[in-house]
Structures are given as C-alpha cells and as structure tokens.
Amino acid sequence: MNTDLIADYQQRVAAATQKAAEQEKLINQYALLRLLVFTLFLIGIYFSVDAGSVALFLTITAVLAVAFNWLVRRQNVFERDKIYYESYRAVNQNELDNDAHRTNIYDNGARFTDDKHYYTADLDIYGKGSLFELINRAATPAGNRTLSLWLSAPDKKETILIAQEAVKELAGKNNWRLDMQARLLFVLGQDEQQIPRLLSYLKMPVAFDDEKWLRIYSRIVPFLSVGLLIAAVFFTEARYAAAVLLAINGRLVLSRNQIVEKADLIAGRIGKGLNSYAEVFKEIENETFTSVYGKQLAGMIHRDKGKPISYQVRALARLINNLNQRLNMFVSMVLNGLFIWNIRQVMAIEDWKRDNHHDIEQAFSAIAGFEAVISLAALQINNPDWAIPKIADGPNYTLTAKDIAHPLIRKSTRVANSYELNDTRKIDIITGSNMAGKSTFLRTLGINTVLALAGAPVCAQSMTVSVVQLFSYMRIKDSLNESTSTFKAELDRLQMLLKAVEQQPNIFFLIDEMLRGTNSVDKYLGSKAVIEKLIGQQGVGLVATHDLQLAKLEDEHPKYVRNFYFDIQVINGEMLFDYKLKPGECKTFNASLLLERIGIFASPPAP
C-alpha cells in the first residue's frame, strides 16, 4: 500500500471518529431533553389532579407524548448515525491494520478448509494467514460463500472476464465500497442462519383458520375501541362496554397466540437488522454501474413496477418492529385490548410476504455478489501495482508471468521471478537446495493462478494464464483417525492426481517432493514412474525435488521435460540465497552444511 493511500485511510479514520463523537454528544443532549419532558409530564399529572380536570390531563399528555415521540425519533437517528460512523472508522482502520499486520476483522474462511480439495489446503487459500484472510471484505455468510466459490474452482473464460470488469469498476468506486462495508459491518457476529430462516419463513404462508372475518373485524375494531373510550369519558355505561370489548379482544389475541409466537420466533429477531439491510439496498439502487456483472447484480434489486426493494424491506422491518411491541407487557395489553395488535401485524406481514417474497431472496443474493467483487476490488485498490492478468485461449497450456511473487509474503521481503509456459505442454522439474525457494515458487504460481481465475489482480508485473484446474501435491499428512500412514496418504493423493489428469482436460499440477514416506531408492523409482506416466497422459505442471536423478528425464524426453533450479552460494561458510529461478539443474546442495551447524556431521571426520 502506497503512502498516499495510507494517508487517505488515516484521514477517513480521523473524520469518522470526529463524526461519531459529535453524534454521541447529540444523543446525550436529547436524552436530557427526554428526561425533561418526562418530568414535565409528572408535573402535569400533579396539576391535573389538583385541578380535577380530565381535559387538562388529556391535553398535557397528548402534547408531551408528541414531543417525547419526536425526541425519541431524533435520538434514534443520531444513534444510527453514530453506529454508521463507528463502522466506517472500523473498516478504514481494518485496511491499515491489514496492510501493517495482516490482520482482518472479517472471516478467514477456516470453515471452507478441505484437506482433500485439489489445491486449497496446499496453497493456503483458507484459514489463519491465508489468501482468504488477506482479501475477504464480506460480512454476510452468503458473501463469504460466494467468495469461497470463486477461489475454489475456475469458471469459464467469459465469466472470469466479466468478473475482472466488475473488479475494475468497483476499484474506481472506493468511497462507495467503503460505505457498503460500513453499512454491512453490523452482520459480523450475528446468527448466520438469521437470513436463511427469514427467507424460508417468507416462502411459507401462515394463515388463521378464521382469517376472513378477522380481517373484517380488524378494520372495525380501532374505530369501535376509540369510540367507546371517548364515550366512557362522558357516560358510565360506555365504560362497562369498553371493558367488555377489551376483554373480548384480549381473549381473541390470546387464542391465536401460537401463530403469533411462530411468526415472532423467526422474524422478530431481525427487525432492526432489516432496516440496516434496507440502507444497503438503497445505496445499490442509487449507484450507477457500467460493468456487465455490476448491472446484473443491481438488476436483481431494481424493480420494474412498485416500490423499490429498499422501501419494501424497510416496510417489513416496520411491521416486524410493530409486532415486537408485544414484548412490552403494558404496551401489549393496551394495543391488543384496543386494536387486536398482534393479529393485525401478523396479517400485515402475510400480506407483505405474498407481494414481495419472490424479490427478496435474489436481492440478498445480489449483496453477496457485491461483497465478493468488493473483496477483490479492495485488493486492487490497496495494490495498484498488481496486474490484471490476461486469460489465454488455445488447446494447450499458457502460464507466463513477469516478476511474479507470493501475495502473502510482505513486499519488503518477497522475491519475484519470471516464468514462461506459452501455449504448449511441458513438465518442468525444479531441483535445488533446502530452503532455496522451490516450494515457495510452486505456491507462488498456484496462488496467483487462483487469483487470476477468480477475476482478481495478481502479484506480478504481468501474467497470462489459461483456464486450468489446479492440482497440488505438497502437504501430505498422515491421519490417525483414518489409520492412514504418510506413505499411504501420498499414494492416495497420487492416485487422485493421475485420475484427474486422465479424466479432466485442463489439469495443471504442482508437485513438491514426491514419496517422502519411503526409502530413497523406491522414492526415485516411484517418482520417475509417476512423471513418465504423466508424460504419457500429456500432463502439464511442475515437480520440485531434491533428487537430481529426476533431472535426467530431460535427456530422455527433451521435447517434454524442462529443468530449472534454485541454488545457493557458500562464501566463507555462509549460505547466501537469491531465491531466483534459473534454467538447468542444480549443482550446489546445503544439507551437510546445515547438519554441521546443529552439531551433526554428514560424514565422519578423517582418522
């Protein structure tokens, strides 16, 4: 991240901190005003009782109730703005922390870890210190899943190019990107099944057995209740009628309580969150997109007829919050007694579901899509020197890169290399000393290919790659639970690789030191046999090894096998690594020198 961008994030953090403090001050002021209004209400009660005037009491109550309600609404606005500015500060601070410490307030994707996946475990795609942790900016579970799908499997070239176009567009909308992240930050830490449960509930109609007459009665009862209450002020008989009506209404609500509880169990906990989602939908509705994918996602939210999604979601939030009034016992008694409140709100929610449930699911899917693009766009924004790769055509394989480096290694320490596999089929054997860079280079090509095929920028000056299916053989582990030895695990992985190369036309493999779990003779013979079988299947990829004998395969298959190596220089007993890929086979090794350094001699001293 360059200094100008760091300064920009720091300025945003400072401005958001100041705005949040201003909102906190207003909240405290309005809290005092609410206390003042309540005090005036108590004083009003005293004077009304002292004067024996019901009219004075009703007047004071009405005026102060309006004032109190207005203060509550204003304070709610300030509280909402304070939360927004705190969230905006958090997402900008996260960009600074992500650059400085590689931390991230968003999920690291550990849940998507799969040791049997073709490449994600070996290439550090998920988990602590992973690619997902570096780039993820998705707060919603659906957004996390969408991003993980993009990183777990390549799509068609056309789809990748569409994703690239969308990433470029959002990389130019940094203000909008940060605003969206701030508005969605509230989702972190929430129940992940909240939205899926809501969507299921919206598809499931709920009806009262006697709904037809309840609808008629629900329209009449407010006028009837208010009329009787007014009459009760002047006529004693009306007070008895009002009491009977309140009892009937209460019994009516209580007898339907099971349906109300069911609605509240699913929808009741998300009312406040829906208002926040409505703000997110509104921001999408108000933004103009030119990329194909951006317009496609926005189209999932825009409606040709009727009110926009943001309005409808806010309306549902209002209905759910109205239903939540029942949680206050005193308010519930009054509202249900006068207006059969619970029944009215459940029926209103059912009306909303009938008219809108078809649109709401795809609207939430659009948010997930935007979050995935935002994650990749943030990578481009924070690394403007990274390249947007070209996606190659052709029946053969292309993976060419200039100054390609590992994105998880800090810029100050990572070493870039260039590599060329241009519209051909080759197996490259990489030999070299311990710690010289063989494994890192394989992972560098792999992880950047994952980024490229997801539509993201890559950590390179330039890159061109075919749409390939990666397959890695690197971190082979035994398993006590499955009674699997390291050697058996290696055989299983090799069998999976050979089957994949045989059945899929676009496998690109990355093999790091085959058959470590057996003796050196079998290791060489087995590795040679595997490579020759891969040559016979026209397999394409790289094999890193310490075994120099495998480099001789270039002599046997000069048109198919190429040799590369990483070496060291030993000067005055010191090992110097340049981590640079070179053509040919390695001649310098360092195992004996490393053993000597820990007090173990590779060969006995001379007598």
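Two strands are taken to pair if DSSP finds at least two bridges between them. Strands themselves (E, at least two residues) and helices (H or I, at least four) are DSSP runs, numbered from the N terminus. The model described here is predicted: local features need pLDDT of at least 70, side-chain atom pairs count only at pLDDT 80 or more, and totals for chains, interfaces and linings use all residues. Residues are numbered from 1 along each chain as its sequence is written, and side-chain values use heavy atoms, with hydrogens and water left out.

A good place to begin is the sheet of four strands. This sheet is open, has the order β1-β5-β2-β3, and shows mixed pairing. Its edges are held by β1 (390-392) and β3 (417-419), each with a single partner strand, so one side of each is left without a neighbour in the sheet. From one strand to the next, the twist averages 20°; here, as for the other angles below, axes are lines fitted to C-alpha atoms, for helices over the stretch in contact, and angles run from 0 to 180 degrees between N-to-C directions. Three bridges link β1 with strand β5 (residues 462-466), and the two pair in the parallel sense. Within this pair, K390 stands opposite T464 of β5. Helix α16 lies across β1, β2 (399-404), β3 and β5, and runs at about 75° to β5.

The second sheet is also open and is made of six strands in the order β6-β7-β8-β4-β9-β12, again with mixed pairing. Its edge strands are β6 and β12 (582-583), each of which pairs on one side only. Helix α16 (residues 438-453) packs on this sheet too, touching β4 (427-432), β6, β7, β8 and β9 (561-566), where contact means heavy atoms within 4.5 Å. The direction of α16 makes about 155° with that of β8. Helix α17 (residues 486-503) likewise packs on the sheet, where it touches β6 and β7, and its direction makes about 160° with that of β6.

Strand by strand, the pairing at the β6 end can be followed in detail. Strand β6 (residues 469-473) is largely enclosed by the rest of the structure, because five of its five residues are buried (under 20% relative accessible area, against over 50% for exposed and partly exposed in between, with a 1.4 Å probe and protein chains only). Both faces of β6 are covered, with Q469, F471 and Y473 buried on one side and L470 and S472 buried on the other. Five bridges join β6 to strand β7 (residues 507-512), and the two strands run parallel. L470 has F508 as its bridge partner in β7. β7 is in turn joined to strand β8 (residues 540-545) by five bridges, also in a parallel arrangement, and L510 stands opposite L542 in β8.

Attention now turns to the packing of helices against α15. The axes of helix α6 (residues 174-184) and helix α15 (residues 341-382) come within 10 Å and cross at roughly 130°. These two helices are therefore oblique to each other, given that angles under 35 degrees count as roughly parallel, over 145 as roughly antiparallel, 65 to 115 as roughly perpendicular and the rest as oblique. Their crossing is left-handed, a term used if the near helix is turned anticlockwise from the far one by less than a right angle, with right-handed used if clockwise. On the α6 side, N174, W176, R177, M180, Q181 and L184 meet I367, F370, E371, I374, A378 and I381 of α15. By class, this contact has eight nonpolar, two polar and two charged residues (Ala, Val, Leu, Ile, Met, Phe, Trp, Tyr, Cys and Pro count as nonpolar, Asp, Glu, Lys and Arg as charged, and the others, Gly among them, as polar).

Helix α4 packs on α15 as well, at an angle of about 55° and with the axes 8 Å apart. The crossing of α4 and α15 is right-handed. A142, G143, T146, L147 and W150 of α4 make the contact with A368, G369, E371, A372, V373, S375 and L376 of α15. Seven nonpolar, four polar and one charged residues make up the contact of α4 with α15.

Two single residues round off the picture. P141 lies in helix α4 (residues 141-152) and is buried, with a relative accessible area of 16%. Apart from neighbours within four places in sequence, P141 is in contact with V187 and E192. S48, in helix α1 (residues 3-51), counts as buried at 4% relative accessibility. Not counting residues up to four places away in sequence, S48 touches S53, L56, F57 and I60.
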